[in-house]
Amino acid sequence: MKLVVGIVRPEKANDVLEALYRAEVRGVSLSRVQGHGGELERVETYRGTTVQMGLAEKVRFEIAVSDDFVQPTIDALCEGARTGHVGDGKIFVLPLDRAVRIRTGETDHGAVTPVDKR
Ligand SMILES: Nc1ncnc2c1ncn2[C@@H]1O[C@H](COP(=O)(O)OP(=O)(O)OP(=O)(O)O)[C@@H](O)[C@H]1O
Ligand SMILES: [Mg+2]
């Protein structure tokens, strides 16, 4: 299992959700975050003071999936979020040790988007 984290433009969040739905990825968390891509700071001078430009508003997707769903999830994030301009976002894939569905007590592959649901 993996936790796929995608940080995308807020205005592309709905497109990502639709792409994930088409890919039959079920189960997703979204949060608003502020971020910086690490590009060189834009600097403005105001009355002699150097001001570093602020952080960008982004939406962070967290999607726990079985291994076979990792690539479809990445593809859906790219398809939904890409404009081709700087700031489109990033995707990180993290190892995921455990998952539990609280209602049923199902664990791991039974508790995330499972391969056998495809
Ligand atoms: N190394 C990183 N670690 C954590 N979050 C990151 C990292 N890089 C980018 N992000 C997050 O992703 C958001 C979008 O990043 P962004 O798309 O600007 O990446 P980039 O590497 O600068 O690519 P681009 O050149 O396309 O702009 C950032 O605002 C930040 O929230
Ligand atoms: Mg950037």
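Helices α1 and α2 cross in a right-handed sense in this predicted model, and their meeting is a good place to start looking. Helix α1 covers residues 13-22 and helix α2 covers residues 70-81; the two pack at an angle of about 145°, with their axes 8 Å apart. From α1, the residues that make the contact are Asp15, Val16, Ala19, Leu20 and Arg22, and they meet Thr73, Ala76, Leu77, Glu79, Gly80 and Ala81 of α2. Sorted by class, this contact has six nonpolar, two polar and three charged residues.

Stay with α1 for a moment and look at its two sides. Ala13, Val16, Ala19 and Leu20 are the buried residues of this helix. Viewed down the axis of α1, these buried residues fall within an arc of 120°, so they line one face of the helix. What do they pack against? The buried residues of α1 pack against strands β1 (2-8), β2 (29-35) and β5 (56-65), and against α2 as well. Turn to the other side of α1 and you will find Asn14, Tyr21 and Arg22 exposed. Just after the helix, Glu24 has a positive phi of about 65°.

Now step back to the loop between β1 and α1, where Lys12 is found. Is Lys12 buried or exposed? Its relative accessible area is 17%, and because buried means under 20%, Lys12 counts as buried. If neighbours within four places in sequence are left aside, Lys12 is in contact with Gly80, Ala81, Arg82 and Thr83. Two of these names may look familiar: Gly80 and Ala81 of α2 also take part in the contact with α1.

The strands come next. Four of them form an open sheet in the order β2-β5-β1-β6, with antiparallel pairing. β2 and β6 (89-95) stand at the edges with a single partner strand each, so one side of each is left without a neighbour in the sheet. On average, and ignoring direction, neighbouring strands here are turned by 25° against each other.

You can walk across the sheet pair by pair. Beginning at the β2 edge, β2 and β5 pair in the antiparallel sense over seven bridges, and Val33 has Lys58 of β5 as its bridge partner. Moving on, β5 is joined to β1 by seven bridges, again running antiparallel, with Val5 standing opposite Glu62 of β5. Finally, β1 and β6 run antiparallel and are joined by seven bridges; here the bridge partner of Val5 in β6 is Phe92. Val5 is thus a handy landmark, with Glu62 of β5 as one partner and Phe92 of β6 as another. Its strand, β1, is mostly covered, with five of its seven residues buried.

How do the helices sit on these strands? α1 lies across β1, β2 and β5, running at about 15° to β5. α2 lies across β1, β5 and β6, and runs at about 5° to β1.

One last stop is the segment after β6, the place of Val100. The C-alpha atoms of Val100 and Gly110 are separated by 8.2 Å, with the two residues 10 apart along the chain. Not counting residues up to four places away in sequence, Val100 touches Glu106, Thr107 and Ala111.

Notes:
Residues numbered from 1 in each chain as written. Chains lettered and ligands numbered in written order. Predicted model: local features only at pLDDT ≥ 70, side-chain atom pairs only at ≥ 80, totals over all residues. Heavy atoms only, no water. Axes fitted to C-alpha atoms, helices over the stretch in contact; angles between N-to-C directions. Helix = DSSP H or I, 4+ residues; strand = E, 2+ residues; numbered from the N terminus. Left-handed = near helix turned anticlockwise from the far one by under 90°. Contact = heavy atoms within 4.5 Å. Nonpolar A, V, L, I, M, F, W, Y, C, P; charged D, E, K, R; others polar. Buried < 20%, exposed > 50% of the residue type's maximum accessible area, 1.4 Å probe, protein only. Arc of directions from axis to C-beta. Pairing = 2+ DSSP bridges.
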